[in-house]
Amino acid sequence: MRSDILPPDKAEEFAKYPLVNASQLRFRKSRPKKVKMLARDFIEDSLYNPYYGYFSKQVVIFNPGEPFKFNEIRDDLDFMSLLGKRYTEFEDALDEKALNDARQLWHTPTELFRPYYGEAIARYLVINYMIAHHPFHDLIIYELGAGNGTLMLNILDYIRDVHPEIYERTQFKVIEISPALASRQAAQLTSSASARGHARHVEIINKSIFNWDIYVGAPCYFLAFEVFDNFAHDAIRYDPFTEESHQGMVLIDQYGDFFEFYTKQIDPVAERYLRIRHAAHRQPFQHPLSGNRFIRTLKSRLPFAPNLTVPEYIPTRLMQFFETLKDFFPRHQLVTSDFNDLPERISGFGSPVVQTRFQRRTVPVTTPYVQQGYFDILFPVNFAVMEDVYQAITGKLTRVMSHEEFLKRWAYVEETRTISGENPMLSWYKNASVMLGVT
């Protein structure tokens, strides 16, 4: 079933083309044609394919150079001006080496507020480790998707300098899917004499967490910062009358053009997520069938009304990550932060921002079905639902709080306070939340 009103007739190709998934495409060096795939496989292939994926080839994470001296900055506007200047200098330096109009450049709180942001996380980890596991176990930390490796270094620097006795028992393991980022993280460990001292405590594992096959029985902390937003989602639409689910698929024709189809056949992964969410959720959440059913069906009877609701994007890959934690890291404690809302999202419930950069300007688009590897596909995280699903799968308790609340508890906030009293580390990222495992 197709959702467009008058799409090109691709039903024959849809029936004929083979169904492929992202795992099969990881061995292809060119973008596929004459195939069909689930929406989540298309998104995963677009972001993570090792040959043409967004994170494999396009991404550069901003490094501001020397840490900002917030106590010498006048106010928030002054910080934004200084940040803009450093952004320009950073990209100018990259262009001197290789001009690239399509460079994908973005920043993280770890980079903007280093080392203070990483020290707050380190403080949380050490205190919880001392309460729960010291002296019977080592401090074992896993970080999923470590970017430039800055958070890793900031955490290890803090533990070494403030708790040297715990540092000797610290193991830091990075799980990184991107070969380019894994190489960058390894280079960080040789960037200075101070960083080189961490090498014996660090292991960088260049593989997907979804291919993990090693059982870790020891207690460990699992960090995932700004990672869940790039996990692939499935697209689900509903019949407005029967409320039957339909799963989104993408057809790629012989010319490389994309066509969106919906089928009544729900694959086991999406079906499992819908079943777990239905059983686990403790409070109402917004989705296409929310609201008054009579009004919904009335609108659907209007001329030219679509035969399905707007899409709902469900985090099936996130569910599979939780299942990996349960199966292979049974004694983990999760520490994660991500965006709970995003501006300029495409149409739908739980829908992503889809955007690229061209000539240093952000260009948003209105569909996730775009040229693979050139666009970031970034989903907001519904922490209320995510917490329920995580607890249902792992049996572990959690606590959700705002980004600001976490930092007020664990950061030395006076270190990022400007002369005016404004504090960018607290006032920025208002649309982010933190979820912590509870021991």
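In the predicted model, Pro-135 is placed in the loop that runs between helix 7 and strand 4 (139-144), and the peptide bond leading to Pro-135 from His-134 is cis, with omega near 5 degrees. A cis peptide bond also joins Arg-114 and Pro-115, with omega about 0 degrees, and Pro-115 lies in the loop between helix 6 (109-112) and helix 7.

Helix 7 (residues 116-132) also bears on the packing of the interior. The largest nonpolar core comprises 59 residues, and those with the most contacts inside it are Phe-113, Leu-125, Ile-155, Ile-159, Phe-172, Leu-223 and Phe-406; the largest share of this core, nine residues, is supplied by helix 7. When residues up to four places away in sequence are not counted, Leu-125 touches Ile-141, Ile-155, Tyr-221, Leu-223 and Val-335. Apart from this core lies another, of 39 residues, which includes Tyr-142, Phe-285, Phe-322 and Val-381.

Val-381 is located in the loop between strand 15 (376-378) and helix 15 (383-394), and it is counted as buried because its relative accessible area, 6%, falls under 20%. Beyond its neighbours within four places in sequence, Val-381 is in contact with Phe-228, Asp-229, Asp-338, Phe-339, Asn-340 and Met-386.

Two residues that are not glycines have a positive phi of about 50 degrees, namely Glu-226 and Gln-359. Glu-226 occurs in the loop between strand 7 (220-225) and strand 8 (234-238), whereas Gln-359 occurs in the loop between strand 13 (353-358) and strand 14 (361-365) and is partly exposed, with a relative accessible area of 48%.

Methods. Residues are numbered from 1 along each chain as its sequence is written. This is a predicted model: local features need pLDDT of at least 70, side-chain atom pairs count only at pLDDT 80 or more; totals for chains, interfaces and linings use all residues. Side-chain values use heavy atoms; hydrogens and water are left out. A nonpolar core is a set of buried Ala, Val, Leu, Ile, Met, Phe, Trp, Tyr and Cys residues joined through side-chain atoms within 4.5 Å. Buried means under 20% relative accessible area, exposed over 50%, partly exposed in between (1.4 Å probe, protein chains only). Helices (H or I, at least four residues) and strands (E, at least two) are DSSP runs, numbered from the N terminus. Contact means heavy atoms within 4.5 Å.
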